[in-house]
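Colleague: I've got the model up and would like to poke at it a bit. Let's start at a loop and work outwards.

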Amino acid sequence: MQLLRLLSSLLVLSTTLSLPVSVSAVNGEITSPTNGTAVMPGESFDFKYDGMADYSVSGYNYSVWLFTSLPESFSPSETFGAGYYFGRYDYANYPGVPYASHPAPAQLVMPNLDARFGGFGIGKSASNALVYLAVIEEWASGSTFGFQMNLALTQLIYNGTSS
Ligand SMILES: *[C@@H]1O[C@H](CO)[C@@H](O)[C@H](O)[C@H]1NC(C)=O
Ligand SMILES: *[C@@H]1O[C@H](CO)[C@@H](O)[C@H](O)[C@H]1NC(C)=O
Ligand SMILES: *[C@@H]1O[C@H](CO)[C@@H](O)[C@H](O)[C@H]1NC(C)=O
């Protein structure tokens with residue numbers, strides 16, 4: 001009983017000490033879908049990228065990709081990676097981008113990679129496949145030789161239910 005009381009007072013003490021709970025700002029991360037989410041081909045999924053923009057940091061365009069095979073190196077290669085390009089988007093962040101002119105949709109649609117690409121490309125079926133949603137954002141703060149680039153990655157399960 002006494003041990004229990006000691007434990008509970010320790011618990012109270014530790015929660016008190018850790019207050020206030022700091023809500024850390026997320027920057028340059030894919031907040032939706034969450035890591036490990038399963039998405040079926042043709043299914044819409046919520047998409048949200050929390051950009052780099054902050055006080056003294058401007059976020060410009062970001063491009064969204066799906067990699068079915070991650071690039072292994074950044075050397076020129078005909079098979080550099082494999083996947084799908086969703087698009088290039090922006091978001092309002094003053095003063096760099098006062099108004100978004102091509103915001104990302106609230107949902108993206110997982111492509112059916114088994115469909116014919118047209119021409120010589122015929123796609124391929126896959127089940128329970130590990131794929132990667134990637135965002136590359138161009139951002140800047142002060143003087144840089146070109147935009148800085150942020151890479152954010154989230155793992156998804158394509159055409160399956162679990163990893
Ligand atoms: C953002 O992308 C749009 C469309 O591709 C382009 O017209 C615009 O110049 C880009 N903005 C910057 C700051 O690079
Ligand atoms: C999804 O997985 C099933 C097997 O579970 C397979 O028959 C089907 O072809 C797959 N679909 C795609 C689009 O790859
Ligand atoms: C996603 O989960 C995998 C497996 O648990 C982990 O290796 C990876 O670092 C995670 N990625 C992110 C962005 O959290």
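Colleague: Where is the place of Ser56?
Modeller: Quick caveat: this is a predicted model, where local features need pLDDT of at least 70, side-chain atom pairs count only at pLDDT 80 or more, and totals for chains, interfaces and linings use all residues. Residues are numbered from 1 along each chain as its sequence is written, with chains lettered from A and ligands numbered from 1 in the order in which they are written. Elements are DSSP runs numbered from the N terminus, helices being H or I with at least four residues and strands E with at least two. On that basis, Ser56 sits in the loop between β4 (48–50) and β5.

Colleague: What counts Ser56 as buried or exposed?
Modeller: The test counts other C-beta atoms within 10 Å (placed from the backbone): 20 or more is buried, 12 or fewer exposed, and anything in between partly exposed. Ser56 has a positive phi of about 75° although it is not a glycine. Ser56 has 7 C-beta neighbours inside 10 Å, so the label is exposed.

Colleague: Asn159 has a positive phi too. Is Asn159 buried or exposed?
Modeller: The phi of Asn159 is near 55°, again in a residue other than glycine. Asn159 lies in the segment after β9. With 20 other C-beta atoms within 10 Å, Asn159 is buried.

Colleague: Which loop holds Pro95?
Modeller: Pro95 caught my eye for its backbone: the peptide bond from Tyr94 to Pro95 is cis, with omega near 5°. The bond from Ser32 to Pro33 is cis as well, with omega near 0°, and Pro33 is in the loop between β1 and β2. As for Pro95, the loop is the one between β6 and β7 (107–109).

Colleague: Zooming out, what pattern does the chain follow along the sequence?
Modeller: The chain has one helix and nine strands. Reading along the sequence, the pattern is α-β-β-β-β-β-β-β-β-β.

Colleague: In what order do the strands of the open sheet run?
Modeller: Strands pair if DSSP finds at least two bridges between them. β8 and β9 are antiparallel with eleven bridges, β5 and β8 are antiparallel with eight, and seven bridges join β5 to β6, also antiparallel. The five strands make an open, mixed sheet in the order β2-β9-β8-β5-β6.

Colleague: Which strands stand at the edges?
Modeller: Neighbouring strands of this sheet are turned by 30° on average, direction ignored (axes are lines fitted to C-alpha atoms, for helices over the stretch in contact, with angles from 0 to 180 degrees between N-to-C directions). An edge strand here has a single partner, so one of its sides is left without a neighbour in the sheet. The edge strands are β2 (37–39) and β6.

Colleague: Which residue is the bridge partner of Leu66 in β8?
Modeller: You can check the register at several spots: Ala129 pairs with Tyr158 in β9, and Phe67 stands opposite Gly83 in β6. For Leu66, the partner in β8 is Leu133.

Colleague: Which element gives the largest share of the largest nonpolar core?
Modeller: A nonpolar core means buried Ala, Val, Leu, Ile, Met, Phe, Trp, Tyr and Cys residues joined through C-beta atoms within 7 Å. The largest has 15 residues, and those with the most contacts inside it are Tyr62, Val64, Val135, Leu156 and Tyr158. Two or more residues come from each of β5 (58–69), β6 (82–89), β8 (129–140) and β9 (148–158). The largest share, four residues, is from β8.

Colleague: Which residues does Val135 touch, beyond four places in sequence?
Modeller: Contact means C-beta atoms, placed from the backbone, within 7 Å. Setting aside residues up to four places away in sequence, Val135 touches Ile30, Tyr49, Tyr62, Val64 and Ala152.

Colleague: Last one: which residues surround ligand 1?
Modeller: A residue is near a ligand if its C-beta atom, placed from the backbone, lies within 6 Å of it. By class, this shell has one nonpolar, one polar and two charged residues (Ala, Val, Leu, Ile, Met, Phe, Trp, Tyr, Cys and Pro are nonpolar, Asp, Glu, Lys and Arg charged, and the others, Gly among them, polar). Around ligand 1 you'll find Tyr60, Asn61, Arg88 and Asp90.

Notes:
Contact = placed C-beta atoms within 7 Å.
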